[in-house]
Amino acid sequence: MRVLLVTPPMTQLNTPYPATAYLTGFLRLHAAELGLTVAQADASLALFLRLYSAPLVARLADELGRRARTPARRASAPPSIAHFLGAAERYVDTVEPAVRFLQRRDPSLALRIVGRAFLPEGPRFAHLARPAAGEAGALDEQLATAFGTLGTTEQARYLASLFVDDLADVWREGIDPRFELARYGERLAASAPTFDPLHEALDGEPTLVDETLDELTRELVATHRPDFVGVSAPFPGNVYGAFRMARAIRAAAPRATLVLGGGWVNTELRGLREPRVFDYFDYVTLDDGERPLLNLLARLRGRRSPLVRTYVRKDGEVVLESDATQHDIPNRDTGIPTYDGLPLERYVSVLEMLNPMHRLWSDGRWNKITLAHGCYWKKCTFCDVSLDYIGRYDRASTDLVMRRIRALIAETGETGFHLVDEAAPPAALRALSVRLIADKVSITWWGNIRFEKTFTPDLCRLLAEAGCVAVSGGLEVASDRLLELMKKGVTVEQVARVTRAFTDAGIMVHAYLMYGFPTETTQDTVDALERVRQLFAAGCIQSAYWHRFAATAHSPIGLHPERYGITLRPPASVTFAHNDVAFDDPVGTDHDFLGAGLRKALYNYMHGVGLDADVRAWFEPRGRGPRGKRQRRRRGARASVPATTVPPDLIESYLA
Ligand code: SF4
């Protein structure tokens, strides 16, 4: 039986999403016993490479040119399209060299790209000054300033990434509003109570992006001739692509069995009642795929094997079949992940953000490993702790992790590792570091942690010696009252000391921040920003991101909203996806307004700007129109939020 595991579009472009690599490694352990051949494919990368090929960009130009035939239409085109049509031939000529450069297959092109005369420069370049006439070929001073000490290659990668973004805008604004570089049709699936919008989109007139994906899918089927296709949708932005591919596979290989699984399914389809899903897929599996797929494949091979956490359609109804006597495959028996079959040299490293931590996410190819399944803490009240991917903790032995690391280095030739744990356990990190140093295995790694007090300066130095270059962790609301309410298990003081220990050891720190938590007041938010400002100023953190709090159905807050002072709005009748739940917080803080100021402050802090300014300066004065302007002039920018109540030396006092 030929098994094909697929990542549907779109996910990140710099490295494969690990689900198919994990499952391929696992299923190959059982290949001989069940008579399987197991292959994997990344349709996300394939779609990107096809859309960014010269023939497709030429078709894009033809189609948009046809639509904008009259001067009036041309004049009303969005700036991205107007610019593209004016330089279409150059886009066709340069798109493949630019992608090759971003794949690190043509490094010498950097010199031409930084000359600023090679790539057409659309609206995404607007913030960069053009080189003066006669200076083409010299590095633009503003660009050089923006990049600080970055070298020519990285400047060129940034410029080539802007070029990729310009073209993505053209695809989205001109051809398919659902298309983005890291997501495709996301809104059709994220917390979508009914299947109708997705169904309508799938039945609608296909766009050039759709046609390209359909064509790619047919090619995949022709290459692999699969009997069984497992499609893993990790995020809502993969779901439209997953269903579209399923339909094309059904048409090209009607006898193949199709299965849908992945992170989005595990989170959002726990109450699935929509039978039309099974027009596309034969089975939908929940939680870790190893056990459900193994049992299903055994059954298809004629064994007596019960289904586990698997939805099927019976008599027109959706039924969840799950044999309670079957257990999940423990971490120690899941094998070694493999990227075999994926075109590793063709992944594209974009460099869109100058922030060093964001670059780790989108830049470079990282082998992905986990030290443990689930989270050892599993208490945070905003987190999906009731779901298997968080709630079932199962740590891998250090021996096994080392075997996986060695195998992935041997297979890929790459020594960069991203630990994709929900929160890597400190004890496991210590044990791994000791082994890496003792065995002289030299790797570069980063991952997600909790800012535990266990991370002493000594431990941080050990991790750095073992190759750790960055960590990310949740500081969330940066308020001890709210950290307590969310059962985060850390205090701001502890975070200050731990992050400083990491920084002192030479490890970059990224903090996940949150605003809009139940009962959070404007004063809480302003004070949180002040603490974050002080953490940046004290060199504790170098990077951060504010997330807006969302109540999710499977978190303690979503399950018991009354304990957190909020009321959930009556849910729509859900037959399809269910995750975010709307709620009312009687405190009534204007989080939309505050969010804009928080983002502006953070952007500047990450560039080392405004660290000594009063945090009120980041929030726009309220009120619009001339009266608002007059008010602004009279009261200054500080009038819209209260002054912070946090002492200006709070973080310094914690560190002392
Ligand atoms: S938020 Fe992070 S630390 Fe908290 S329970 Fe979830 S995974 Fe664990």
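Buried here means under 20% relative accessible area, exposed means over 50%, and partly exposed is what falls in between, using a 1.4 Å probe and protein chains only. By that yardstick Arg-244 is buried, at 3% relative accessible area.

A few ground rules before the tour. This is a predicted model, where local features need pLDDT of at least 70, side-chain atom pairs count only at pLDDT 80 or more, and totals for chains, interfaces and linings use all residues. Residues are numbered from 1 along each chain as its sequence is written, and side-chain values use heavy atoms, with hydrogens and water left out.

**Salt bridges**

A salt bridge is a side-chain nitrogen of Lys or Arg within 4 Å of a carboxyl oxygen of Asp or Glu. Searching the whole structure turns up 46 of them. Here are three pairs:

| Acid | Base | Closest N and O atoms |
|---|---|---|
| Asp-214 | Arg-244 | 3.0 Å |
| Glu-274 | Arg-276 | 3.0 Å |
| Glu-620 | Lys-600 | 3.1 Å |

Take Asp-214 and Arg-244, which form a salt bridge. Asp-214 sits in helix H12 (residues 208–224) and Arg-244 in helix H13 (residues 239–252), so the pair ties together parts that are 30 residues apart in sequence. Helices (H or I, at least four residues) and strands (E, at least two) are DSSP runs, numbered from the N terminus. Like Arg-244, Asp-214 counts as buried, with 16% relative accessibility.

In the second pair, Glu-274 is buried at 7% relative accessibility, while Arg-276 is partly exposed at 25%.

The third pair joins Glu-620 to Lys-600. Glu-620 lies in the loop between helix H25 (591–606) and helix H26 (625–635), and Lys-600 lies in helix H25, so the pair ties together parts that are 20 residues apart in sequence. Glu-620 is partly exposed at 45% relative accessible area, and Lys-600 is partly exposed at 35%.

There's also a network of salt bridges linking Arg-270, Asp-287, Asp-288, Arg-309, Asp-328, Asp-388 and Arg-392.

**Two buried residues in helices**

Ser-80 belongs to helix H6 (residues 79–86) and is buried, at 5% relative accessible area. Contact means heavy atoms within 4.5 Å. Setting aside neighbours within four places in sequence, Ser-80 touches Pro-123, Asp-169, Val-170 and Glu-173.

Ile-175 is in helix H10 (residues 152–175) and counts as buried at 8% relative accessibility. With neighbours within four places in sequence left out, its contacts include Leu-60, Leu-64, Val-170 and Leu-208.

**Ligand shell**

Residues count as near the ligand if one of their heavy atoms lies within 4 Å of it. Among those around the ligand are Cys-375, Trp-377, Lys-378, Cys-380, Cys-383, Glu-422 and Arg-450. The shell splits into seven nonpolar, no polar and five charged residues. For this count, Ala, Val, Leu, Ile, Met, Phe, Trp, Tyr, Cys and Pro are nonpolar, Asp, Glu, Lys and Arg are charged, and the others, Gly among them, are polar.

**Cavity lining**

On to the lining of the largest cavity. A cavity is a set of points, on a 1 Å grid over the protein atoms alone, where a 1.4 Å probe fits but cannot get out, and lining residues have an atom within 4 Å of a point. The lining includes Leu-419, Trp-445, Trp-446, Asn-448 and Cys-468. Strand S12 (444–449) and strand S13 (468–476) each supply at least two lining residues, with S12 giving the largest share, five residues. The lining divides into nine nonpolar, two polar and no charged residues.

How values were computed:
1 Å grid on protein atoms, 1.4 Å probe; cavity = no way out; pocket = protein on both sides within 12 Å on 5 of 7 lines; lining within 4 Å.
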